[in-house]
Amino acid sequence: SPNRIAKPHRQTASPKALEWAALGGDFVRCFCALSCGSKHNAWQIGMSECQRQAIYGDLNWNGGDIDPANPPNVGLSIARQIAMVSYRTAQAFDRKFNRHVDEKTNQFQVSGPVARAVDRALSLAILNPTQL
């Protein structure tokens with residue numbers, strides 16, 4: 001169809017979009033790159049390699065011969081986690097997850113998802129300490 005639009009995701013896909021435009025032949029009639037770098041920087045290459053290694057390390061990767069009934073879900077999950085970390089700046093992590101020391105107790109204070117996870121873990125430990 002002449003109305004197809006290919007849209008790579010996020011800034012690390014910019015070189016892929018440029019490649020598609022250059023090698024697309026008759027499939028590509030026009031191309032517009034917005035806020036697009038011409039190549040990956042060293043940080044992006046390192047993050048991508050970590051993601052690839054996470055997938056390769058999954059036993060279900062099987063050298064790329066993937067059984068659709070048993071895909072490398074663990075490796076893909078780790079790769080996605082790496083991606084999610086790469087989408088935030090250090091400052092954004094501090095705003096969302098930073099812990100502060102309570103001046104009265106001299107203990108770290110946590111809130112939000114971290115606090116709920118800690119509370120759940122502690123309640124499970126109290127209810128069933130043999131599972132720790």
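The protein holds 5 helices and 2 strands. The model is predicted. Read along the sequence, the elements follow the pattern α-α-α-α-β-β-α. The protein has 132 residues, and 15% of them count as buried. Its accessible surface comes to about 11,000 Å². Carbon and sulfur atoms contribute 56% of that surface. Contacts were also sorted by distance along the chain. Among contacts with a separation of 6 or more, 29% join residues 24 or more positions apart.

Helix α3 runs from residue 73 to residue 86. Its 14 residues should span 20 Å at 1.5 Å a residue. The end C-alpha atoms of α3 are 20 Å apart, so the expected span and the model agree. The buried residues of α3 are Gly75, Ala79, Ile82, Ala83 and Ser86. These residues cover an arc of only 100° around the axis, and therefore lie on the same side of α3. That buried set packs against α2. The face turned away from the buried side has another character. There, α3 carries the exposed residues Val74, Arg80 and Met84. Helix α3 thus has a buried side and, turned away from that side, a face with exposed residues.

Helix α2, the packing partner of α3, covers residues 42-56. Charge pairing was examined next. Side chains of opposite charge can pair when their charged atoms come close. The structure holds 1 salt bridge. In this bridge the side chains of Glu49 and Arg52 meet, with 2.8 Å from N to O. Both residues belong to helix α2. They are 3 residues apart, which means a separation of about one helical turn. Glu49 is partly exposed, with a relative accessible area of 32%. Arg52 is also partly exposed, at 34%.

Cysteine pairing gave a negative result. The structure holds 0 disulfides. For Cys30, the closest cysteine sulfur is that of Cys32. The two sulfurs are 8.4 Å apart, and Cys30 is unbonded because this distance is too far for a bond. A disulfide would need the sulfur atoms within 2.5 Å. Cys32 is likewise in no disulfide, and its nearest cysteine sulfur is that of Cys30. Cys30 is exposed, with a relative accessible area of 69%. Cys32 is exposed as well, with a value of 61%.

Two loop residues complete the description. Ala33 lies in the loop between α1 and α2. Helix α1 covers residues 14-23. Ala33 is partly exposed, with a relative accessible area of 38%. Leu18 and Ala33 are 15 residues apart along the chain. Their C-alpha atoms are separated by 7.8 Å. The second residue, Asn62, is found in the loop between α2 and α3. The phi angle of Asn62 is near 50°. This is a positive value in a residue other than glycine.

Key: Residues are numbered from 1 along each chain as its sequence is written. This is a predicted model: local features need pLDDT of at least 70, side-chain atom pairs count only at pLDDT 80 or more; totals for chains, interfaces and linings use all residues. Side-chain values use heavy atoms; hydrogens and water are left out. Helices (H or I, at least four residues) and strands (E, at least two) are DSSP runs, numbered from the N terminus. Buried means under 20% relative accessible area, exposed over 50%, partly exposed in between (1.4 Å probe, protein chains only). The expected span of a helix is 1.5 Å times one less than its number of residues. The arc is that of the directions from the helix axis to the C-beta atoms. Contact means heavy atoms within 4.5 Å. Accessible areas come from the Shrake-Rupley method with a 1.4 Å probe; for residues, only the protein chains shown count as cover. A salt bridge is a side-chain nitrogen of Lys or Arg within 4 Å of a carboxyl oxygen of Asp or Glu.
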